[in-house]
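Please explain how this structure is put together, beginning with a single buried position and moving outward to the contact between the chains.

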Amino acid sequence: MKKLEIIIRPFKLDEVKETLAGLDVKGMTVTEVKGFGRQRGHKEVYRGAEYQVDFMPKVKIEVVVDDAQVKPLVDAVVKAARTGKVGDGKIFISPVEDVLRIRTGETGVEAI
Amino acid sequence: MNAADTAFILVCSALVMFMTPGLALFYGGLVRARNVLSTTMHSFILLGVASVVWAVIGYTLAFGPDIGGVIGGLDFAFLNGVGMEPSESVTNIPHLLFMVFQCMFAVITPALISGAYAERIRFRAMLLFSVLWLLVVYAPMAHWVWGGGWMFGLGALDFAGGAVVHMSSAAAALAAAHVLGRRHGYGREPFVPHNLPTTVLGAGILWFGWFGFNAGSALAANGLAANAFVTTHLCAAAAVISWVAAEWLHTGKPTTLGAASGAVAGLVVITPAAGFVAPMPAIIMGLIGGALCYGGVLMKHVFKYDDALDVVGVHGVGGTFGALATGIFATSAVNTATGLLEGNPSQLWIQFISVVATWLFCYVASRILFHVVDALVGLRADTESEVAGLDVSEHNETGYQL
């Protein structure tokens with residue numbers, strides 16, 4: 001099993017969510033986050049004074065999937081979330097040791 | 001006594017009272033979220049404290065029988081002899097009504113200063129300073145200009161408080177910025193407003209209340225009040241346009257905060273002039289004043305003082321320009337005084353003297369008071385409290401549960 005942490009532009013959330021749901025992803029966790037990469041931040045001006053705001057708002061989607069699903073999922077998410085401009089986000093993929101469904105006690109792929 | 005005048009000034013007093021919570025919203029939105037309550041409190045608590053101080057002793061110091069042109073006598077202490085009948089000096093409305101109308105001015109003026117010391121002063125220091133300042137700076141200023149003191153004798157024109165309210169609070173604000181020093185992290189981290197819709201609402205309430213402030217200063221329901229109402233509105237309107245235009249040219253974008261700030265700047269500019277100038281000069285004053293105050297705000301970055309919410313830039317620059325412009329545009333068509341444009345250059349000179357005297361007296365006296373308060377109770381919150389925010393460290397509460 002693998003965990004995908006998908007960081008995207010906030011306005012792309014709906015498209016990416018539909019894409020994931022269409023590929024048989026059973027659940028996801030979504031968080032509003034702030035951070036920066038190559039896009040850095042943006043400029044704000046109050047009463048003529050300029051401030052550099054370093055952290056850009058982004059949305060982070062976390063999903064856990066079976067190994068075989070990773071490649072098609074990543075391809076689909078990239079297609080949905082891409083604008084081609086700096087700041088489209090990133091996908092982090094990491095191994096997941098185990099999953100446990102609290103209600104039934106199931107573990108492993110069955111519990112996803 | 002006149003029933004119409006009495007009814008009008010009763011309403012105006014309530015309008016001016018409403019400016020203080022308006023100011024609390026205006027300032028409250030401009031600070032960071034962790035200081036929204038402390039900043040709100042700096043204004044709101046004065047509705048309590050300044051009102052009582054005014055009734056007990058402040059009013060008589062300002063409007064009691066003149067002693068040497070400097071201060072009022074104690075005849076009206078504890079409102080002794082201030083009753084339902086008119087006083088000898090204001091004969092058309094009850095003495096109590098004149099007292100409470102003036103009381104609302106005494107509430108908002110020390111609250112204006114709070115924009116300079118926001119986000120770092122201790123609450124008890126702010127309280128002590130405000131009480132002392134009312135007695136040592138505000139009451140004498142009100143006496144000098146409106147209570148028959150020496151500036152009044154000189155012929156200085158200040159219809160509704162350009163010197164008494166705006167220059168005096170701005171001079172105190174500059175002293176506060178100098179004595180307190182900059183906020184922790186100033187210049188390194190962004191200090192950006194946390195809730196601008198609140199600030200814009202506050203500016204709107206201030207604009208609304210200002211009709212009571214300026215038109216009410218005619219102290220009668222008459223043509224002069226109407227003139228003050230119109231000049232107030234037009235000057236604010238023109239200053240909204242010119243502040244936004246100035247920043248649009250300077251930074252490339254028009255801002256909501258600029259529109260709100262321009263309105264307040266225009267209202268400050270017209271305050272000394274409202275009952276002396278005609279409507280078209282009021283528009284000219286607003287067009288110049290809005291852009292001038294925008295420049296005034298930028299000044300703090302040049303001189304490196306941390307006047308947190310720009311009291312000096314808006315009230316200091318606006319009040320000073322308004323006082324001088326009154327000496328230029330005052331016309332016999334509106335009131336008894338004439339200015340430079342009607343061939344009376346001496347009025348402009350008198351205005352200039354009153355401006356210099358006001359800044360000097362209020363800055364020096366306020367600066368001394370800040371040092372005294374610092375020695376007595378300590379002015380500034382410690383760094384840990386300041387970083388945590390004054391809401392939690394001074395008041396044990398937070399503005400937003402998110």
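**From the interior of chain B to its contact with chain A**

Setting aside neighbours within four places in sequence, B:Ala175 is in contact with B:Tyr363, B:Ser366, B:Arg367 and B:Phe370. The model in which these contacts are seen is a predicted one. B:Ala175 has its place in helix 6 of chain B, which covers residues 162–180. The relative accessible area of B:Ala175 is 0%, and the residue is therefore classed as buried. Its separation from B:Ala245 provides a sense of scale: the two residues are 70 residues apart in sequence, and their C-alpha atoms are 31 Å apart in space.

A second buried position is B:Thr331, found in the loop between helix 11 (311–329) and helix 12 (345–377) of chain B. With a relative accessible area of 11%, B:Thr331 counts as buried because the limit for that class is under 20%. The side chain of B:Thr331 reaches the backbone nitrogen of B:Ala333 at a distance of 3.1 Å. Apart from neighbours within four places in sequence, B:Thr331 is in contact with B:Phe276, B:Val277, B:Ala278, B:Ala337 and B:Glu342.

The cysteines may be considered next. Over all chains, a search of the whole structure finds zero disulfides. B:Cys103 is in no disulfide, and the nearest cysteine sulfur, belonging to B:Cys12, is 15 Å away. B:Cys103 is buried, its relative accessible area being 5%. Why does B:Cys293 form no bond with the closest cysteine, B:Cys235? The two sulfur atoms are 9.4 Å apart, which is too far for a bond, since a disulfide requires cysteine sulfur atoms within 2.5 Å. B:Cys293 is also buried, with a relative accessible area of 0%.

Charged side chains provide another set of links. Side chains of opposite charge can pair when their charged atoms come close. Over all chains, the structure holds 19 salt bridges. One of them joins A:Asp24 to A:Lys26, with the closest N and O atoms 3.7 Å apart. Both A:Asp24 and A:Lys26 are exposed.

Within chain B, a salt bridge brings together the side chains of B:Glu119 and B:Arg32, at 3.0 Å from N to O. This pair links distant parts of the chain, 87 residues apart: B:Glu119 is in the loop between helix 3 (95–117) and helix 4 (123–146), whereas B:Arg32 is in the loop between helix 1 (3–30) and helix 2 (36–63). Are these partners buried or exposed? B:Glu119 is buried, at 2% relative accessibility, and B:Arg32 is likewise buried, at 10%.

The side chains of B:Glu394 and B:Arg122 also meet in a salt bridge, with an N to O distance of 3.0 Å. B:Glu394 belongs to helix 14 (residues 390–395) of chain B, while B:Arg122 lies in the loop between helix 3 and helix 4, so the pair ties together parts that are 272 residues apart in sequence. At 28% relative accessibility, B:Arg122 is partly exposed. Salt bridges with shared partners also join B:Arg32, B:Glu119, B:Arg183, B:Glu189 and B:Asp306 into one network.

The remaining step is the contact between the two chains. Seven residues from chain A and 19 residues from chain B take part in this contact. Together the chains bury about 1,000 Å², of which 64% is on carbon and sulfur atoms. A:Tyr46, A:Arg47 and A:Tyr51 supply 70% of the area that chain A buries against chain B, more than any other three residues.

How many salt bridges are counted between chain A and chain B? The count is one: A:Arg47 pairs with B:Asp310, and the closest N and O atoms are 3.0 Å apart. A:Arg47 thus appears in two roles, because this salt-bridge partner is also among the three residues named for their share of the area that chain A buries. Between the two chains there are four residue pairs in polar contact, with both residues at pLDDT 80 or more.

On the side of chain A that touches chain B, the elements giving two or more residues are strand 3 (42–46) and strand 4 (49–53) of chain A. Strand 4 gives the most, with three residues. By class, this side of chain A has four nonpolar, two polar and one charged residues.

Methods
Residues are numbered from 1 along each chain as its sequence is written. Chains are lettered from A and ligands numbered from 1 in the order in which they are written. Side-chain values use heavy atoms; hydrogens and water are left out. Contact means heavy atoms within 4.5 Å. Buried area is the accessible area (1.4 Å probe) that two parts lose on being put together, summed over both. A salt bridge is a side-chain nitrogen of Lys or Arg within 4 Å of a carboxyl oxygen of Asp or Glu. A polar contact is a pair of N or O atoms within 3.5 Å; within protein, one must be able to donate a hydrogen and the other to accept it, and residues adjacent in sequence count only if both atoms are side-chain atoms. Helices (H or I, at least four residues) and strands (E, at least two) are DSSP runs, numbered from the N terminus. Ala, Val, Leu, Ile, Met, Phe, Trp, Tyr, Cys and Pro count as nonpolar, Asp, Glu, Lys and Arg as charged, and the others, Gly among them, as polar. Buried means under 20% relative accessible area, exposed over 50%, partly exposed in between (1.4 Å probe, protein chains only).
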